[in-house]
Amino acid sequence: MDSMLFVATADGLWVYERETEGWNEVVRGLEGQDVTSITANEDAVLAGTRNGIFISEDDGASWQEANEGLTETHVRWLATHLNDPWSAFAGTEPATIHFSDDGAETWQECPEVADLRGTNDWYLPYSPEAGCVRGFAFHGSRGYAAVEQGGLLRSDDGGRSWRLAEGTTGDPHAPNLDSNIHTDVHSVAVHPSSPDLVFAPTGGGFYISEDGGDTWTHLYDCYCRAVWADPDDPDHLIFGPADGVDENGRIERTTDGGETWEDASEGLDVPWPDHMVERFEQVGDNLIAVLSNGRLIATSLETLVWQPILADLPAASAVVSLTR
């Protein structure tokens with residue numbers, strides 16, 4: 001089987017195939033587009049941009065617009081449901097969630113998200129828009145969505161409707177209670193072992209919930225955007241903390257569920273003074289980190305020794321892999 005890597009960049013979508021010595025470029029698409037996010041399954045590849053969504057059914061060789069029903073075109077994150085390849089989800093800026101159940105031919109907005117956005121006065125510190133949805137995680141019919149600045153959303157019907165998780169006020173202007181998650185949520189992950197076991201990096205630290213977002217434990221006081229959870233061991237996490245926005249970024253890990261943390265930055269000159277980890281993506285037995293300066297680094301999960309990859313790329317924003 002062949003492994004393919006799709007990389008979203010500030011200048012289009014780059015596609016690579018795995019070879020013995022690394023990744024070999026096979027095609028570039030959407031040149032001139034600022035591609036913000038990407039998701040893929042065996043049927044299609046979806047790319048989110050500031051100008052809407054594009055779809056490819058030939059592994060990135062050709063692209064068509066897929067915006068019918070999309071009410072906001074600045075896409076911040078895309079996801080497909082693991083159990084249903086026809087289901088796709090788009091999070092936008094300003095904050096909306098759209099879903100498609102026909103392979104991205106049409107999209108439907110979830111209007112309750114815009115209602116929550118207005119009621120709670122969601123915002124972004126770097127944009128005039130009212131918040132953004134910048135992460136999804138699914139486990140069966142359960143779904144979670146990360147909202148910057150607006151908290152965590154939960155779905156119990158496979159992403160067709162959304163509500164605030166019990167452990168978030170949804171109001172970025174309100175004081176944060178000890179059992180609540182910080183409302184500046186940057187990404188979210190749910191562990192394969194349980195739909196209730198949720199991890200969330202935020203602007204106010206790293207949080208874990210064991211009851212589906214009803215209550216939260218604050219594991220690490222920092223600024224953070226990315227976490228990788230070992231699918232075979234929920235106590236094993238690799239994490240990208242920083243001291244502030246792109247300030248002193250580094251990589252750490254825990255093997256005891258966050259009680260203790262250790263450095264996991266071998267091969268890197270850290271802390272980075274002006275960038276940090278933006279996203280993690282597991283690719284087979286390797287882990288790729290997308291950095292906030294647009295660079296990519298990778299490591300074997302066995303060795304945890306990092307090295308740069310694909311250095312000639314324009315600024316990368318997301319990666320996803322696919323095995324054919």
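Two strands pair if DSSP finds at least two bridges between them, where strands (E, at least two residues) and helices (H or I, at least four residues) are DSSP runs, numbered from the N terminus. The exercises below concern a predicted model, in which local features need pLDDT of at least 70 and side-chain atom pairs count only at pLDDT 80 or more, while totals for chains, interfaces and linings use all residues. Residues are numbered from 1 along each chain as its sequence is written, and side-chain values use heavy atoms, with hydrogens and water left out.

**Exercise 1. The surroundings of strand S18**

Task: Find which strands pair with S18, and state in which sense they pair.

Solution. Step one is to locate S18, which covers residues 205-209. Step two is to look at strand S17, residues 198-202, which pairs with S18 in the antiparallel sense over five bridges; a hairpin of two residues joins S17 to S18, and Pro201 stands opposite Phe206 of S18. Step three is to turn to strand S19, residues 217-220, which pairs with S18 in the antiparallel sense over three bridges. Here Phe206 stands opposite Tyr220, and Tyr207 has His218 as its bridge partner. Step four is to place these strands in their sheet, an open one made of four strands in the order S16-S17-S18-S19 with antiparallel pairing. Its edge strands are S16 (189-190) and S19, each of which pairs on one side only.

Task: Decide whether the residues of S18 are buried or exposed, and which of them point the same way.

Solution. We first need the cut-offs: buried means under 20% relative accessible area, exposed means over 50%, and partly exposed lies in between (1.4 Å probe, protein chains only). By this rule, five of the five residues of S18 are buried. Gly205, Tyr207 and Ser209 point one way from the strand, whereas Phe206 and Ile208 point the other way.

**Exercise 2. Salt bridges**

Task: Describe the salt bridge of Arg134 and that of Arg50, and say how far apart the partners are along the chain.

Solution. The idea behind this exercise is that side chains of opposite charge can pair when their charged atoms come close. A salt bridge is counted when a side-chain nitrogen of Lys or Arg is within 4 Å of a carboxyl oxygen of Asp or Glu, and the structure holds 15 of them. For the first pair, the closest N and O atoms of Arg134 and Glu278 are 2.9 Å apart. This pair links distant parts of the chain, with Arg134 in strand S12 and Glu278 in strand S24, 144 residues apart. Arg134 counts as buried because its relative accessibility is 5%, and Glu278 is buried because its relative accessible area is 16%.

For the second pair, the side chains of Arg50 and Asp34 meet with an N to O distance of 2.9 Å. Arg50 lies in the loop between strand S5 (45-49) and strand S6 (52-56), and Asp34 in the loop between strand S3 (22-29) and strand S4 (35-40), 16 residues apart. Arg50 counts as partly exposed because its relative accessibility is 46%, and Asp34 is placed in that class because its value is 27%.

Task: Name the residues that are linked in a network of salt bridges.

Solution. The network links Arg142, Arg154, Asp156, Arg163, Glu166 and Asp196.

**Exercise 3. Backbone details in the loops**

Task: Find which peptide bonds before Pro94 and Pro271 are cis, and where these prolines lie.

Solution. Glu93 and Pro94 are joined by a cis peptide bond with omega of about -5°, and Pro94 lies in the loop between strand S9 (84-92) and strand S10. A cis peptide bond also joins Val270 and Pro271, with omega of about 5°, and Pro271 lies in the loop between strand S23 (262-263) and strand S24 (277-283).

Task: Compare Ala104 with Glu105: which is buried and which is exposed?

Solution. Ala104 is in the loop between S10 and S11, and its phi is near 75°, a positive value in a residue other than glycine. Ala104 is buried because its relative accessible area is 3%. Glu105 lies in the loop between S10 (97-100) and S11 (108-109), and it counts as exposed because its relative accessibility is 59%.
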